[in-house]
Amino acid sequence: MTSISLPIPKRPVHPTGVWSWITTVDHKRIGILYGVTAFIMFITGGLEAMYIRAQLARPAQDLVSPEVYNQLFTMHGTTMIFLAIMPMGAAFFNYIIPLQLGARDVAFPRLNAFSYWTFLAGAVMLNLSWVLGGAPNAGWFGYAPLTSSAFNPGDGIDFWILSLQILGIASLAAAFNFVVTIINMRAPGMLLMRMPLFTWMTLITSLLLILAFPVITVALIQLLFDRQFGTNFFVPAAGASPVLWQHLFWIFGHPEVYILILPAMGIVSEIIPTFSKKPIFGYPVVVLSGVIIAFMGWMVWSHHMFTVGLGPVANSVFALTTMAIAVPTGVKIFNWIATMWRGSIEFKTAMLFAVGFIWLFIIGGLSGVMHSSAASDAQQQDTYFVVAHLHYVLFGGSIMALLGGIYYWFPKITGRLMNETVGKINFWLVFIAMNITFFPMHFSGLNGMPRRIYTYDSGMGWDLWNAVSSAGAFMLGAGILLFLYNVIKSARSGEVASADPWDGRTLEWSISSPPPEYNFEQIPTVHGRDPFWAQKYGGVAMVPVAGGSGEDGGHSIHMPQPSYWPIVASIGIFIGGFGVLYINAASWIGVGVAVIGSLITMIAVYAWSLEPVNDPDDGAAH
Amino acid sequence: MSTTSSRSKIYLGVLLLLSSFALLTGCTPDDPQSTFDTVGPVSRSQLALFYWIFWAAVVVFIVVGAVLVYTTLRFRRKPSDAIPNQTHGNTPMEIAWTIVPVLILAVVAVPTVLTIFDNANSPEPGALTVEAVGRQWWFEFNYPHPTDPDEQVVTANELHIPVGEVVNINLASRDVIHSFWIPKIAGKVDMVPNSANTIWIQSDEAGEFFGQCAEFCGEAHALMKFRVIAEPREEFDAWLLAQAAPAIDAVEPLAAEGQALFEGNDAGCWACHTISGSAKSRGSVGPNLTHVASRGLIAAGIIKNDQAGLRAWLTDPCEAKPGNTMCNGAAVYNDPDKALDEKQISALVAYLRSLD
């Protein structure tokens, strides 16, 4: 076969500077990009929450219009779930998983870069809606038919649909990448049942993502067609049942809840053993309970729909399955406590966050069991009681664990320790403020305050609790700012960290902080769980594979080379998304832009597949 | 940070949480939408179930919390600590703490399922049946006509029921999903387009109870309320009979002027509102106003139905309820040339006040 000469440029060679970040395929750099972007989005969602709490601080306030309020809570939910918590999890997956596996990168480094840039494209697109005609305003759950053109003629819902689709592409690409990485890139001897628990939870989360996202993708395509091309999937006037949307949304939405919490559980399962100086208690059960939670997560979606009128049989079944899922969750909590039992617990900030997580998750879990009782839930559904519950599991659960994870792995990532004194103040401020903010919502909910109302009259018995919640929310905001201060200050001038500041148990602590680009000079051989601990205290050395690369101090290690094409492919998706968004309003222009975007992505993928590899020995790359 | 101070902080934290839980039982039943002040069998069974689960949860919280507190205090690192024994698990214990939650959940599950079925099926399917229709952002209530089986009595935002009797409600929606909720009488059931949901309610006390839409339904969701008026059977019958009667043409001059305006094209009210007895006013977009003066509140439970309230509402409906159909759709509020002047508003108020 004759070879055609391709006009594809050589791989970029940018060891430093902005271009080195744009073209990077290093999982550690991509992890940092994910983390920083997700944190900016977390601040954005937090500001939206501040607006909400300011508006509700007192009855009958007029700080924002009802329309803007509805946009605020829609964007707060969408942002926190899709742009903050999920990508913060992805940041940890990226940075930590190859290190825990004893690998030099993920399985598909360029796909990994593509995931990040596509995530960024979705995040930018969603937030551009604020200045391009108004943000989405139908809630993060987007119930039909409130999202239909008839009841929602603006562009906000289209922004929501398309950015969620783009974010879905990013999540799916990342999820496939991590499944393949975890299955295939483990160091010799790292059997599945020897993997660190964070890696296990990442594997489960990635599989959940792969199975859950197609459902919302289909639903969003149907909704897009309803809005842009006049189909009637969710249009009641044409005979459709809007309940279909709810089923599709929550069949995705409930596994999504576990996508948000399982990585947090994985992080906590790393922190607690390290600071207790004991292995996790009942490792197989902790793994298995994660698997069961993920599996049963598919059987409980209708507990979001107890008041929709599915009938007593369906409500009973979903009440029982929902109660059942409390069992594996409870088991995890008992195993964490048993891990600390007879341990030697050191309350570094990371450990405080992990134990704080257990406290708050117990409360959130118990209020979850209260909700599972469909009959009594008829009084709590769509009230502030639910808002309290979900923030105990998503803030008290996910966010607390993620913050703890940052305190835990910060020295590995930056080579510097975060300040412990500030850290402890930070923890107590966040922990106390979190309870002041969200606990009173149980009361306002039981006193009959519905969710998603932009105003309320005084005399309903809601004034006090809302004032307290708002005060707590601003304290919480201060706590997050203190965290940000600690991160920035410590990254610049924190105490220099050793390779193993916490006396860790897993492979990432066996290499320098921060790790070299190739992570492991020589790939270790693993003989059991907690291999680094076993090497330190049990005399089980992780002898490198004989004849492996890296025996010359890393010089002969060939790392994946940077590439321009992932970001170009993402830009194409971003442009194409805008084309689809405006098809209805600007028909042929929209189609044209969509085609241009698709072409850019296609060219990028083509070039990506065929781009040459630079001579590894020309000194430009390892 | 010294050991003692963080230890005391942990105690403080635990104390705070426990006292918060204790507070929960003191939730104020006087509040108009409190789920603790139950007046009917449905809300009562829901509250009983709630308490049952709540106390189970409190027990679990105290037990697990106590173990967690003990563990984190007892096993804090001491300088003398050696490397702890590297225990990997204990199968009998792990089986135990899997089975115990299952048993606790069974205790919760049985009454849950029983209550679900009790509340789903009306104990008296033949009792008074009212149709409740959710609209953006108000409630329409359709009663069977007391004398003419082919007719309905249509009213809005105030649901009258006979005290101590089962009332079956058929729930419908003309636009988006709403939710029908009267916290003191019954937990909510959604009003879903194309879906024949039902709920049964009963109030054992006479009085006025608050209802509110609980499913986010768009811009003015927060302002979609209604009232339930539970009254003795005779009063209820009399009320229904009065509501069934057509409106009488206005006689007082200002009111008559208002009626002319209502039925004329300058104001155009007739296009959206029905006034039974008027040949012109047959609209079905907005609430039926046949006996609007008999209602205590207007605009779905948010404005007092008196001179001042009606005047404010007719002057600027967008102010009180942003985004509502009258504010967005009626020419008098969108075309400055057609805007109502003070005199016209006075006339309309007089007419509406005459519709008792």
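Me: What makes α7(A) stand out in the lining of the second largest cavity?

Reply: In this predicted model, α7(A) gives the most to that lining, with 4 residues.

Me: How do you know that a residue belongs to the lining of the second largest cavity?

Reply: A lining residue has an atom within 4 Å of a point of the cavity. For the second largest cavity 19 residues line the space, and the closest to its centre are A:P196, A:L197, A:I280, A:T506 and A:D530. The volume of this cavity is about 200 Å³.

Me: Why is A:D530 called charged, and how many charged residues does the lining of the second largest cavity have?

Reply: Asp counts as charged, so A:D530 falls in that class. The lining of the second largest cavity has 5 charged residues, beside 10 nonpolar and 4 polar.

Me: What is the volume of the largest cavity, and which residues are the closest to its centre?

Reply: The largest cavity holds about 240 Å³ of space. Of its 24 lining residues, A:M86, A:P87, A:A90, A:S171 and A:L209 are the closest to the centre.

Me: Why is A:M86 called nonpolar and A:S171 polar?

Reply: Met is on the nonpolar list, and Ser is on neither the nonpolar nor the charged list, so A:S171 counts as polar. The whole lining of the largest cavity has 19 nonpolar and 5 polar residues, and no charged ones.

Me: Which helix supplies the largest share of the lining of the largest cavity?

Reply: That share, 7 residues, comes from α3(A). Helices of chain A that each supply at least two residues include α3 (66-101), α5 (156-184) and α12 (384-414).

How values were computed: Residues numbered from 1 in each chain as written. Chains lettered and ligands numbered in written order. Predicted model: local features only at pLDDT ≥ 70, side-chain atom pairs only at ≥ 80, totals over all residues. Heavy atoms only, no water. 1 Å grid on protein atoms, 1.4 Å probe; cavity = no way out; pocket = protein on both sides within 12 Å on 5 of 7 lines; lining within 4 Å. Points joined across faces, edges and corners; volume = space filled by probe spheres on them.
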